[in-house]
Amino acid sequence: MLENLTNPTPARNLINKFYYQLPNNGSLNQGLMSCERRYNEAITCAIICVDEILNDYEEFPYKIQLGKDHWNEVKQELIQIQYEQNKTNQDTNGIN
């Protein structure tokens, strides 16, 4: 976990950019815009953002393939983070 903070990946950087732009009610896990919900919203926003970038590559295929590969990797990591976050939320809430 400390590695994620000291050397964040492009996916985590993107999540953080959205996370700090979303409103916060000051609660860790209670309410509509709690830290927990805000983090989940940031992940969703990051995935939408990367999808838009990838769609641009589909419309303009002459762009460099390496860029597309990079954004596909970022998207896969975002999906993995979202899965892990949902699993953590379910475990925390007692849902199996």
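**Aromatic pairs around Tyr-19**

Let me start with Tyr-20, which counts as exposed because its relative accessibility is 60%, and the cut-off for exposed is over 50%. Keep in mind that this is a predicted model.

Next, Tyr-19. Here the relative accessibility is 11%, so Tyr-19 counts as buried.

Now the rings. How many aromatic pairs are there by the centre-distance rule? The count comes to two. One of them is formed by Tyr-19 and Tyr-20: the centres are 4.9 Å apart, the planes are at 85 degrees, and the pair is edge-to-face.

Tyr-19 also pairs with Tyr-39. For that pair the centres are 6.1 Å apart and the planes make an angle of 65 degrees, so this one is edge-to-face as well. The cut-offs behind that are centres within 6.5 Å and planes over 60 degrees apart.

Where do Tyr-19 and Tyr-39 lie? Tyr-19 is in helix H2, residues 10–19, and Tyr-39 is in helix H3, residues 35–59. The pair therefore ties together parts that are 20 residues apart in sequence.

Is Tyr-39 buried or exposed? Tyr-39 is buried, because its relative accessible area is 19% and buried means under 20%.

Taken together, the ring pairs link Tyr-19, Tyr-20 and Tyr-39 into a cluster.

One more contact at Tyr-19. Which residue lies over the face of the Tyr-19 ring? That is Arg-38, at 3.8 Å from the ring centre.

Conventions: Residues are numbered from 1 along each chain as its sequence is written. This is a predicted model: local features need pLDDT of at least 70, side-chain atom pairs count only at pLDDT 80 or more; totals for chains, interfaces and linings use all residues. Side-chain values use heavy atoms; hydrogens and water are left out. Rings of Phe, Tyr and Trp (its six-membered ring) pair if their centres lie within 6.5 Å; planes under 30 degrees apart count as stacked, over 60 as edge-to-face and the rest as tilted. Buried means under 20% relative accessible area, exposed over 50%, partly exposed in between (1.4 Å probe, protein chains only). Helices (H or I, at least four residues) and strands (E, at least two) are DSSP runs, numbered from the N terminus. A charge sits over a ring if NZ of Lys or CZ of Arg is within 6 Å of the ring centre and within 35 degrees of the ring normal.
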